[in-house]
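Q: I am a first-year student and would like to take a close look at one part of this model, and then to see how the parts around it are put together. Please go slowly and link each step to the next.

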Amino acid sequence: MIIRFKINEIECEVNEEKEDITILQACTANGIEIPRFCYHEKLTIAGNCRMCLVYVTNEEKLLAACGIPLDENFDDESIETEIDEILKAREGVMEFLLINHPLDCPICDQGGECDLQEQTLAYGLDTGRFYIKKRAVEIKTFGRLIKGIMTRCIHCTRCVRFLTEIAGVNELGVLGRGYNMEIGTYKKNVMIESELSGNIIDLCPVGALTSAVYAYKGRPWELKNIKGIDIFDTLLTPINYQVKGGEIFRILPRINDRINEEWITDKVRFHYESYKIIEKIRKETPSYKIQANKFIELTWKTALKMVFKVLLNKKNKVDLIIGSKINSTNLRIYKELMNRLGSKNYITENGLMFKKFNYDLRENYINSNDLYNVDKNDLVLLCGINLRVESPLLNIKLRNVNFGDDEIESVKKIGIIGNKFDWKHESEYIGATLNSMLKLFEGRLPYCQQIKKSKAPLIIVGPSLLTRISLTLQEMRAIFMKACNLKPENILIITQGANFGMALEEGLFKEKFSIGGNVLYSIDSNEVQVTNKINYVIYQGIINDKFENKIDLYLPSKHYFEDFEGDREVYMNTFGQRSEIEKLSISKGNKIKENSMIGYIQLMYLNNKEMTRKEKEQKDIKLSYREMKKEEKRKIKVNKYLTINNIIENYYMTDINIRLSKNLMITGQLRKEKKIMEAGIWKNRKCI
Amino acid sequence: MLKKFLISSIVKPTFQSRIIASTTLNGGAGRATFCSVNSINPNPTASQIKVDQEDLEVGEHLVIDDPNQQHIKSFLNGVEFNGKSVNIYRPSRNTMQTGTLRTKKWVIELPFNPKWNDRLMGWWASKDTLNQLNLRFNSETDAVAYCKEIGLNYNIVEEDVTLRKKKKYGHRFRYRGDLVGEKEREVGIN
């Protein structure tokens, strides 16, 4: 049935069967803006602020626009949003909200981007009539990252809905009734244990929840937006660096409903203070080690001569390891450099953990699954991945039971192969050893029948599984497709690092790589272990805390968001989606150069010699594990009883930019200690 | 003078009054010598001021990363920005707020030139004054027409992807599967 109605004399029509739409969504679609406090586009409807009242003809009362769907009752009706009766109602709502709201606007961090400020200016009174007493609530602590001045709270419950529905932790709630109503935790001094807890800072329409790291630092009209990406997540979610001068003041999410909707993780939101520390600590000139802790400062000409001597010496065997933040232009340059030298030992940092690759077919490493449809799968099998830690934003997508059609079951079936983890969801635990994976490959698990019966299954393979089975990505997909009758869009392989897809796109990987040479040439990779076989280490990057003592020659280069020529650069995630970043220059020294410039100089020097690597022939696809087992018995060695341990132990220790952030480090340590305390208490309960 | 002359002519004898009249003439000659002082220029030129050597070394602590990048030609004369191009985009909504007033116009953003850090004072400096200039237009075609008229290179930046969700009031009270029973939490991860 087609419903025809009017909104402020604008004629509209909605097909009721095809669309589910509310009054507020229809108004925003027509460009009419209705003020609100509790409604948010990505959360469920609460309707408790009563700010979005509209007038509908033939109705006795004003209606809340956020919660009322447009159905056949609205046929041939008209909706008004700015008549005097509505303005009087909004004026009353603002007056009640401002009875207990403190006059903190000059000192509040939300000043300049506060919803309460703007709607008071538009709809509120100029004076108050209530002078007897203002209520005050004590300041609450939710951890190191969020500052909670709850006197300013207007109880819109956005933060409560976000943490229960999306983040999956039930730590905030509404306490008290009426005049004594508060939002907080039941116990005092409770830290919000979620990897996405910083998003409630964005959701709060007043300054009750603000960033503790950004406290009293700046005002929003002073800051300039520069586009960036989340370099710590494989989804490469778009973010905005907010910059003043040449310094990063804070990081906010950028809206993209295909990837992250409006959320970012706490890693990327609060890690920006490490850049100020790095700029103080780091060396700004090329330097060469004489003794254990003594370095000579060199000019770039002298330093590059030393590099050429090492690279051109035929006795040296050079291993090139490229960090996981380097963009695709630099990957191409250094691949060409090693090809000119005749060496084949070059790999990225996130590719070191894998045993086999096959980079010929693009459909093997680019997941053809669209992230927008991930929440429509009704059965998910997690193989060797702690999804909450390794990809928190994909975890949100899978947990999403808030919206959607009623015909689909509200709770998904989730199976886990690997270690147990704090999932906060109903899940079936299958096994922790590789034996259960082999049974899955052969189709002998009872869970395989459930996979075949389901309409939209999804299998997610994590990086800790790929390190223990010597299969290529292509072979992994083929086995799953045959064993469970799946399509390529039902298999999702998650890797680590930002440039894994780009490295495969550039053809960087080869089948086997091992650090066996005597020279290590590391380009901004921090997580590599340097063995005693290596005599000489060239480090070209920013700062290093793992093998800083073993560096012989240091070449300073720039951060990943200033390490390109021109104004913008494109990154690509494992779904083939591309995100642009803009140039943001924070390096102060003259002698800090881009990685691309250093690579170009080395290529120009080696321009006389031309050597190209022969391309390998394409291998045939082997469809089943049984056939592969017969043909290559000696090559594949799998320990059946080996457990699939998750790689990441601490969420806040995975990168040097996070290790140098003081607030994130303390948050990670507090969570460790809390787990140990809870374990002790739990054991005591068993004794009692 | 007249009063003095009249008084002296009445009281004193005639011979002395003649002597006084001659001295007044000499006084006039004295004023004439005073007028010659005004011929000196009271406003000295700048070249006559003594300049210390230290004053010439004030600006040496500035460190400019790349001086060639600081030079921008004027865009009003239809000249390129040394090959750089202008961005045309529509700004997205601020995630801290719900208002969408600033997201309805298209903005021409001039190229962002790098700044240098003054190590002595601690601030960031720039030679360019066009960083604060943002031209706003009602539609994308108006912005493109303006760039073509002046002769600027332009890039059209893609807008953010926003999709509408299906919403009902009952979605708030759905079962999410978390209340089956409190399970024993494992220690070891986070």
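At which residues of chain A does UniProt place the feature "domain: 4Fe-4S His(Cys)3-ligated-type"?

A: The UniProt record places that feature at residues 85-124 of chain A. Please keep in mind throughout that this is a predicted model. In the model, the end C-alpha atoms of residues 85-124 of chain A lie 14 Å apart, and the span is 55% helix and 0% strand.

A good way to see how this part of the sequence relates to what follows is to look at a pair of charged side chains. Arg129(A) forms a salt bridge with Glu95(A), and the closest N and O atoms of the two are 2.7 Å apart. Glu95(A) belongs to helix H2 (residues 84-97) of chain A, while Arg129(A) sits in the loop between helix H3 (115-123) and S6, so this pair ties together parts that are 34 residues apart in sequence. The two partners can also be described by their accessibility: Arg129(A) counts as exposed, at 64% relative accessibility, whereas Glu95(A) is partly exposed, with a relative accessible area of 22%.

Strand S6 is where we go next. This strand spans residues 140-141 of chain A and contains Lys140(A). It may surprise you that Lys140(A), with a relative accessible area of 12%, is buried. The cut-off that makes sense of this label is that buried means under 20% relative accessible area. The side chain of Lys140(A) reaches the backbone oxygen of Ile183(A) at 3.4 Å. Once its neighbours within four places in sequence are set aside, Lys140(A) is in contact with Gly148(A), Met150(A), Glu182(A), Ile183(A) and Gly184(A).

Ile183(A) leads us on to a group of cysteines, as it also appears among the contacts of Cys159(A). UniProt carries a "binding site" annotation that covers Cys153(A), Cys156(A), Cys159(A) and Cys204(A). These residues are spread over 52 residues of sequence, yet they cluster in space, with a largest C-alpha distance of 10.9 Å. Cys156(A) lies in the loop between strand S7 (146-148) and helix H4 (158-167) of chain A, and Cys159(A) has its place in helix H4 itself. Cys156(A) is buried, with a relative accessible area of 10%, and Cys159(A) is buried too, with a relative accessible area of 10%. Not counting residues up to four places away in sequence, Cys156(A) is in contact with Phe37(A), Cys38(A), Asn48(A), Arg161(A) and Pro205(A), while Cys159(A) touches Leu172(A), Ile183(A), Ile200(A) and Leu209(A).

The pair of Arg129(A) and Glu95(A) can now be set beside other salt bridges, for the count comes to 17 over all chains. Side chains of opposite charge can pair when their charged atoms come close. One example is Glu247(A) with Lys276(A), where the closest N and O atoms are 2.8 Å apart. Here Glu247(A) lies in strand S13 (residues 247-253) and Lys276(A) in helix H7 (residues 273-281), so the pair ties together parts of chain A that are 29 residues apart in sequence. Glu247(A) is partly exposed, at a relative accessible area of 29%, and Lys276(A) is partly exposed as well, at 44%. The side chains of Glu594(A) and Lys558(A) also meet in a salt bridge, at 3.5 Å from N to O, and both of these residues are buried. A further set, made up of Arg36(A), Glu41(A), Lys42(A), Asp257(A), Glu262(A) and Arg93(B), is linked in a network of salt bridges.

To finish, let us step back to chain A as a whole. Its secondary structure comes to 21 helices and 27 strands, and of its 688 residues, 59% count as buried. If we consider contacts in chain A with a separation of 6 or more, residues 24 or more positions apart account for 70% of them. Chain A exposes about 31,100 Å², and carbon and sulfur atoms supply 50% of that area. One helix that illustrates burial is H9 (residues 328-341), which reaches 20 Å from its first C-alpha to its last. In H9(A), 10 of the 14 residues are buried, so this helix is largely enclosed by the rest of the structure. Those buried residues include Leu331(A), Tyr334(A) and Lys335(A), and just after H9(A) comes Gly342(A), which takes a positive phi of about 85 degrees.

Definitions and conventions. Residues numbered from 1 in each chain as written. Chains lettered and ligands numbered in written order. Predicted model: local features only at pLDDT ≥ 70, side-chain atom pairs only at ≥ 80, totals over all residues. Heavy atoms only, no water. Helix = DSSP H or I, 4+ residues; strand = E, 2+ residues; numbered from the N terminus. Buried < 20%, exposed > 50% of the residue type's maximum accessible area, 1.4 Å probe, protein only. Polar contact = N/O pair within 3.5 Å; in protein donor to acceptor, adjacent residues only side chain to side chain. Contact = heavy atoms within 4.5 Å. Areas by Shrake-Rupley, 256 points an atom, 1.4 Å probe, with all protein chains shown as cover. UniProt positions renumbered as here; feature names shortened; annotations may be inferred. Expected span 1.5 Å × (residues − 1). Salt bridge = Lys/Arg side-chain N within 4 Å of Asp/Glu carboxyl O.
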